[in-house]
Amino acid sequence: MVLPSRDLRFVQTSVARHRGDPTRLVQILWDVQDAYGWLPEPILGALAGELGLSLAQVRSTASFYHFFHLRQMGAYRVLFSDNITDRMLGSEALLERLCRTLWLERGKVSEDGLVSVDTTSCTGLCDQGPALLINHRPMGGLNEARIDAIAEHIRERVPLAQWPQEWFDISPNVRRRDWLLNHRAPAGAAVRATLARGAAGTLQEIIDSGLRGRGGAGFSTGAKWQACRDAPGSAHYVVCNADEGEPGTFKDRVLLGECLDLMLDGMCVAAHILGARQGLIYLRGEYHHLLDPLETRLAERRATGLLGPGCFEGRLDFDVEIHRGAGAYICGEETALIESLEGKAGKARIRPPFPVTHGYRNQPTIVNNVESFALAALVALEGAAACTARGTPASSGTKVLSISGDVQRPGIYEVPFGVTVREVLAMCGGLDAQAITTAGAAGHCLPASEFDRRLAFEDVATGGSIMVFAPHRDLIELARNVAHFFAHESCGFCTPCRVGTAVNLRLMEKFLARRGSPYDLEELERMHRLMQGASHCGLGNTATLVLHDLRHKFPQVFAQRLYSSGYEPAFDLDAALSEARQMSGRNDPDAHLGDNLHAHLGVPLGGTTRFLGPQAQPRTAARATTAQPAASAAAAAGKP
Ligand SMILES: Cc1cc2nc3c(=O)[nH]c(=O)nc-3n(C[C@H](O)[C@H](O)[C@H](O)COP(=O)(O)O)c2cc1C
Ligand code: SF4
């Protein structure tokens, strides 16, 4: 198909703006989508031609990311945050209300192409939910009146720029400041301190500070920078991980506002230590609204000699570029992030080699969290002792927490490492909690009996996402939400995670429907062991932690939902056939599956799949046959 010349010109201009570089594909796709509202196939074909890629390569990248659309979308695209904290605040009912008011089916585009309404995993606004994104603009604090007003504005086709701008106000919600959030250093001061002390001396300070990465894993920042500095390569790269996809986390969103210069200083400090000339910020797709302020600040720094070639009076050559993510949680994992930076689908790489030796463009690369860079700048400025004076021996410094859920004062709390969970809950007004998650969907879930444990890498490690659950909450809802999140976000590359996350979701839905059995609990345990041991990357390794903790530390959560003590099918086949019975006018015993099912399945009566009619009471039965795990796993993986 011949592309109209106007479209071809657009493609050529966009490709030229990105220097004809195929590794910029994700950014070029954003250009296309921003202009067309979606990614039309002929444009993808033209892009492939201009970039020297195959159409299959371009399609593979375009189809990987949740925020890229390969079909036309509504002029207004509404995405409700589907995190558990938003659900606890009533997001489901609000979504349904909006769909009802607009005569719309969730997930579908209205017939006139005006609007679509769907969910997204988490918008990073858990402290001010229920929240949504509308054409990438965030809106928190939703209620019924606001939903009705939104529907009215959409029906009247009011351009977003003319909507009341206070609807889009996002509060930083900083509730407690400490070392980092209290800093008053002028922009560039940490870099000047580094230039004065020298690269080797500053690296030694970072090592001595004991600073550990704040993205979750807690790897030594100094050791990472040292390994990268020592690695040979034609170029070294500094990458800031601002993907922040963990449900319940929003601290990087706030830090990108409150501590932006400190973070950029941290990247410059790293650049000086590594000899890097290029830095990249991987900005979460949901944080599109931060793009303009970030670009503006980068431009201001360039204009004032704090960034760019010959910055800091000619003593540094370092510039920073922003890469927009496109809605894939896995891209927070550092090797998947690098794949995405290179214009590909965000699938985790096989390690080793590690990014410090073979990272972006196969060159030595450090990937650090927003908070880690900001803290590294503070260490460069104030010295290692300022960091070790805070926190614990194995976890120096402070940690910025995102606290949401059932607390009186949700928001951002910067605390010294070593603080107990109970102390944190006292700060935010959540002392009556029955449970907290310590690292979003991917961490542990603690009962009240463990609230005297300490937040520190040597006890309760946390990336900062703390979600709090009051005693009246049904934690099976949390379990289902977490299972759904991982089933949705698994990249599908390796079988244990692809199948395991799907099985876990099916199991949780079964428990939610009060159809769970002890067999299902065993299946859950099997999936935990399988995924922990055999998943290719950290997503699969951590996807069962909350479920595992709920099973072992909150046994009542599942016990209350047990339907039988043996195997129980997830699907009530007999009930599903009621319509057929009505149509055929039959309701005799033979028209019910009941024990007839066993004739169909070839399972003897009294065996493990003895089917109970809808009126049946819970009962005891023998353990599952060995054939069942395979059958249930295959079914959950969508296989016949
Ligand atoms: C599935 C997954 C998602 C991740 N998401 C993030 C993220 O959003 N932000 C982040 O800094 N680290 C994230 N990480 C950790 C990164 O892989 C990496 O360890 C981190 O960016 C290193 O920075 P740090 O040493 O400063 O913590 C994620 C890891 C996994 C396995
Ligand atoms: S563990 Fe999950 S997210 Fe990671 S590579 Fe395997 S399928 Fe993909």
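Me: What makes the four strands an open sheet, and in which order do they stand?
Reply: In this predicted model, the four strands follow the order β2-β1-β3-β4 with mixed pairing, and β2 (115-120) and β4 (137-139) stand at the edges with a single partner strand each, so one side of each is left without a neighbour in the sheet. From one strand to the next, the twist averages 25°.

Me: How do you know that β3 and β4 count as paired strands?
Reply: Two strands pair if at least two bridges are found between them, and β3 (residues 132-134) is joined to β4 by three bridges, so the condition is met. The two strands run antiparallel, and isoleucine 134 has arginine 137 of β4 as its bridge partner.

Me: What makes a residue part of the surroundings of ligand 2, and which come nearest?
Reply: A residue is counted if its C-beta atom, placed from the backbone, lies within 6 Å of the ligand; there are 14 such residues around ligand 2, of which Cys491, Cys494, Cys497, Cys537 and Gly540 come nearest. Helices α20 (495-512) and α22 (538-542) each supply at least two residues of this shell.

Me: Why is Cys counted as nonpolar but Gly as polar in that shell?
Reply: The grouping used here lists Cys among the nonpolar residues and places Gly among the polar ones, and under that grouping the shell around ligand 2 divides into eight nonpolar, five polar and one charged.

Me: How do you know how confident the predictor is?
Reply: On a scale from 0 to 100, the mean pLDDT of the protein is 90, and 88% of its residues reach 70 or more. Over residues 595-640, however, the pLDDT is below 50, although this stretch has 56 contacts in the model beyond near neighbours in sequence.

Key: Residues are numbered from 1 along each chain as its sequence is written. Chains are lettered from A and ligands numbered from 1 in the order in which they are written. This is a predicted model: local features need pLDDT of at least 70, side-chain atom pairs count only at pLDDT 80 or more; totals for chains, interfaces and linings use all residues. Two residues are in contact if their C-beta atoms, placed from the backbone, lie within 7 Å. Axes are lines fitted to C-alpha atoms, for helices over the stretch in contact, and angles run from 0 to 180 degrees between N-to-C directions.
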